[in-house]
4 protein chains.
Amino acid sequence: MDDLKLSSLKKTNFKRTVVSVGEHSIGSGFTLIAGPCTVENETQTLTIAHAVKKAGANILRGGAFKPRTSPYSFQGLGSEGLEILSQARKETGLPIVTEIMDTRHIAMVSEYADMFQIGSRNMQNFTLLKEVGKTDKPVLLKRGMNATLEEWINCAEYILSEGNPHVVLCERGIRTFETYTRNTLDLSIIPAVKEITHLPVIVDPSHATGRASLVERMCLAAVAAGSDGIMIEVHPNPKEALCDRDQLLTLAEFDGLVQKIQKMYRAMNDILAPSV
Amino acid sequence: MDDLKLSSLKKTNFKRTVVSVGEHSIGSGFTLIAGPCTVENETQTLTIAHAVKKAGANILRGGAFKPRTSPYSFQGLGSEGLEILSQARKETGLPIVTEIMDTRHIAMVSEYADMFQIGSRNMQNFTLLKEVGKTDKPVLLKRGMNATLEEWINCAEYILSEGNPHVVLCERGIRTFETYTRNTLDLSIIPAVKEITHLPVIVDPSHATGRASLVERMCLAAVAAGSDGIMIEVHPNPKEALCDRDQLLTLAEFDGLVQKIQKMYRAMNDILAPSV
Amino acid sequence: MDDLKLSSLKKTNFKRTVVSVGEHSIGSGFTLIAGPCTVENETQTLTIAHAVKKAGANILRGGAFKPRTSPYSFQGLGSEGLEILSQARKETGLPIVTEIMDTRHIAMVSEYADMFQIGSRNMQNFTLLKEVGKTDKPVLLKRGMNATLEEWINCAEYILSEGNPHVVLCERGIRTFETYTRNTLDLSIIPAVKEITHLPVIVDPSHATGRASLVERMCLAAVAAGSDGIMIEVHPNPKEALCDRDQLLTLAEFDGLVQKIQKMYRAMNDILAPSV
Amino acid sequence: MDDLKLSSLKKTNFKRTVVSVGEHSIGSGFTLIAGPCTVENETQTLTIAHAVKKAGANILRGGAFKPRTSPYSFQGLGSEGLEILSQARKETGLPIVTEIMDTRHIAMVSEYADMFQIGSRNMQNFTLLKEVGKTDKPVLLKRGMNATLEEWINCAEYILSEGNPHVVLCERGIRTFETYTRNTLDLSIIPAVKEITHLPVIVDPSHATGRASLVERMCLAAVAAGSDGIMIEVHPNPKEALCDRDQLLTLAEFDGLVQKIQKMYRAMNDILAPSV
């Protein structure tokens, strides 16, 4: 087990980690994660789950516990949201990833979800990192809004050092002075992660750009940069969504996007193939 | 109680909050908090406690649980550290402020400490904020490393909205591109906090500057900016300290500093007194 | 002419600008600009010029006047460097882009170069912008190290409003807290530029990443993001270069990279083609 | 002369530079610079000049050439503005500091002004730095919006290395993620500048905070931090001003502020006096 710790990377060779989430593997092939920002109700979530499954998604995302800047903003449906996600998994077979913010929820969320998400604001919540590190459930660790690569990797190490090697990193944009986009997607961090760790890494262009119109290009660029997958927010009717309206793709847009991503992934294999 | 929530500030007038910590009041007069970065052992902590008490400190700070970037760095003495702080309180009468990172430690830390500290990395740990909000113990809420005033105030609101009005804000420097200092102390946030909230606010120049040589000037500037207090890291022998060596004042330096701060505080009262 | 000003973009439709540089057009097809960071001597520059021409480059870059943080660092060969660039153009037919920092050099640089480059540090040197705006020579306007899109576009407008419509934007990384890379390449700005301006935009992954090992992936991602070209620093022997050693590609690496970029550009045309 | 270069500071001792501007000396005592953001007309400027002179200002500031984000914003009165400043000097005896952006204006501005100001956007306009370095007129060098101390000091060195030792640094706030203030005033840079250079340094709290309500506290804090002076924007009627309305003090407010600053400066001398 100790061989898997990042601190062991000083050895010159390492084998890339592949993380199993339900029947799906992250780090081998390209992973498509999609779903609503927040679980709003059963109809919304099931509609989305069936549509993204049909379009080719591998994992369903959806927030039941939402970290919100203000205590008076909608905080998520909580356990009721988990029930709805569970129903969506039952109907579609898609494994579920959902955010966890409270160590006391680990047992409950474990029952319903296939992968924990640690959000940006909790990247350095070391208590939470250690506790999910004591489980054997996969963890999607988002980069903090101003975290350096070194800080981020050390947070992954908090999980690994407790015995859980199933960690996937997620670049979701860093805070910069640019205001046109919500954050700045740092795609150069993808090959950088590959240089210094054995962990899979995916990209969340929805939160990074905050603009639906930029998501497609950033997905294609993420494939080109070597990302192991993308995580996208979708909604049947973005204008009616409870949060993050400006960055949500419609279900039809997601369907078209998946086809382009798949073409791009095949093209990259061809481009990078050693010439004869 | 609802009148104390920050969201109630839209009313044109507000009365400044004074927060009692043991026998001491923050927000009335100037508060001097001092102590080691981390509780290393009984001798170190008791030596410091007696020295800062004699120099004029009002509250003793000291870390028992330390948030560290790497899981392999010293993580603090934990409950043993709390015992030592408790002993220091018993001997000196100084109330204790110490960092809390885990909701499961609330009961234990409550027994030993007079004030919870929420560190920068946990500013948006909403679960932790809500739980300390359910106690009636004072909370020192540090500003996140890149938090805006609005985000910070909303974190205070998380505590207040659960029923605990005893919140003190602490400016500890924000991350900027300057490398000469560890962070950049944002003193303009002090009068800004006073404009839009009723909460006391203090300054931590040790973490902000990361350089002992800059601490004195920043303490004096903090008084001039209207801060309700300062929090300083001291050590009998900075070169031997377990962490943050570059920013620690010696006990003699702290003694000299307190005298200057007290002169400055009196001078400010004179400068701001309405002329006749 | 006024129709070309960016301020005229409030009209709902606009036609994309194509900028001619010598015989080459930027904004139609994909542009490859390559060359040394700084012109060191005739042999170095001619070797590079012939190699990048053969590999498929469209324009030769090279610095004769170098903006250096310290006045005691090498400041470039000046007019001697321009002579060498001119010789390279004569031998290879490649048009030349070179940085200009001084309004008094406009006439001299105009004689030798086909395109002015305005560097990051001079993005808001409004005097210089206005003066190159009075010429009819193409201008490559690099984004300032912390410029927002709006600030950058307004700098282009300074040039356009003086009568010169031949402006190409260049994203070269923005300053962030990440230290693994020299700057953070902001690829989401590429589709953003396309949304709100009619100007071509290219990417400089060499300065953005500061690491040769990341350049290839960022070039491919730039194509995917919709960039109109890339600008790369190369050197026959990076370890001996006078500046920016860590980010320079060898001539062989550049040759291999061009082939991948060309494949990627064709793949993108296929991926984005409307399905029948 | 070479002894004055900052690069000579590696020697263990240095003597603080005092810069003469007209009859006034910066770096000995506390300097008060005040005036309009921009010279709007003769009446406005003369009214201000007489008022700030009476209140105790030592130098009059005023912009004739204004660096504006957009080419369509008011660009300043140019040479007409210089004439008005010259008239103000004649009537009040106050020396004049005004921004210069164009090397071709050096002779003209030299005739009217006693001190050149290099603005934030031109901090790394190395051509301009070298040219003012060839004159013997004092230079007020503002810190770039995201400049590190090292970058800033190197820009001063550009001036000194050309032979002009009369440089005064000016901290004017750096760009951060805080939005309540226009920029973030970095007061810890004041003692840092004093540690590593022999140059005087002043503070511009008007541009740093962007809010008139915060200026007084930041002036007092600047004195406490060890600044050699402050530069303040004032206006007879801030609501009618052509630019920067939110940060301008009225003439009456400036008068009251000067009295507080003078008291603070005397208090600091007392606080820092060696105890007997």
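What turn and what shift along the axis lay chain C on chain D?

## Relation of chains C and D

In this predicted model, a turn of 180 degrees with a shift of 0.0 Å along the axis lays chain C on chain D, and the RMSD is 0.0 Å. The two copies are therefore related as by a two-fold rotation axis.

The interface residues lead to a further statement about the copies. Of the interface residues of chain C, 100% are also interface residues in chain D, so the copies meet through the same surface.

## Contact between chains A and C

Chain A contributes 35 residues to its contact with chain C, and chain C contributes 36 residues. On the side of chain A that touches chain C, at least two residues each are supplied by helix H6 (189–196), helix H7 (205–209), helix H8 (212–225) and helix H9 (251–272) of chain A. H8(A) provides the largest share of this side, with nine residues.

By residue class, the side of chain A that touches chain C comprises 19 nonpolar, 10 polar and six charged residues.

## Packing of H1 and H2 in chain A

Two packed helices are described by the angle between their axes and the distance between the axes. Within chain A, helix H1 (residues 42–55) packs with helix H2 (residues 79–92) at an angle of about 35 degrees, and their axes are 9 Å apart. The crossing of H1(A) past H2(A) is right-handed.

H1(A) enters this contact through A:Glu42, A:Thr45, A:Leu46, A:Ala49, A:His50 and A:Lys53, while H2(A) does so through A:Ile84, A:Leu85, A:Gln87, A:Ala88, A:Glu91 and A:Thr92. Five of the residues in the contact of H1(A) with H2(A) are nonpolar, four are polar and three are charged.

Technical notes. Residues are numbered from 1 along each chain as its sequence is written. Chains are lettered from A and ligands numbered from 1 in the order in which they are written. This is a predicted model: local features need pLDDT of at least 70, side-chain atom pairs count only at pLDDT 80 or more; totals for chains, interfaces and linings use all residues. Axes are lines fitted to C-alpha atoms, for helices over the stretch in contact, and angles run from 0 to 180 degrees between N-to-C directions. Helices (H or I, at least four residues) and strands (E, at least two) are DSSP runs, numbered from the N terminus. A crossing is left-handed if the near helix is turned anticlockwise from the far one by less than a right angle, and right-handed if clockwise. Two residues are in contact if their C-beta atoms, placed from the backbone, lie within 7 Å. Ala, Val, Leu, Ile, Met, Phe, Trp, Tyr, Cys and Pro count as nonpolar, Asp, Glu, Lys and Arg as charged, and the others, Gly among them, as polar. Copies are superposed by least squares on the C-alpha atoms of residues with pLDDT of at least 70 in both.
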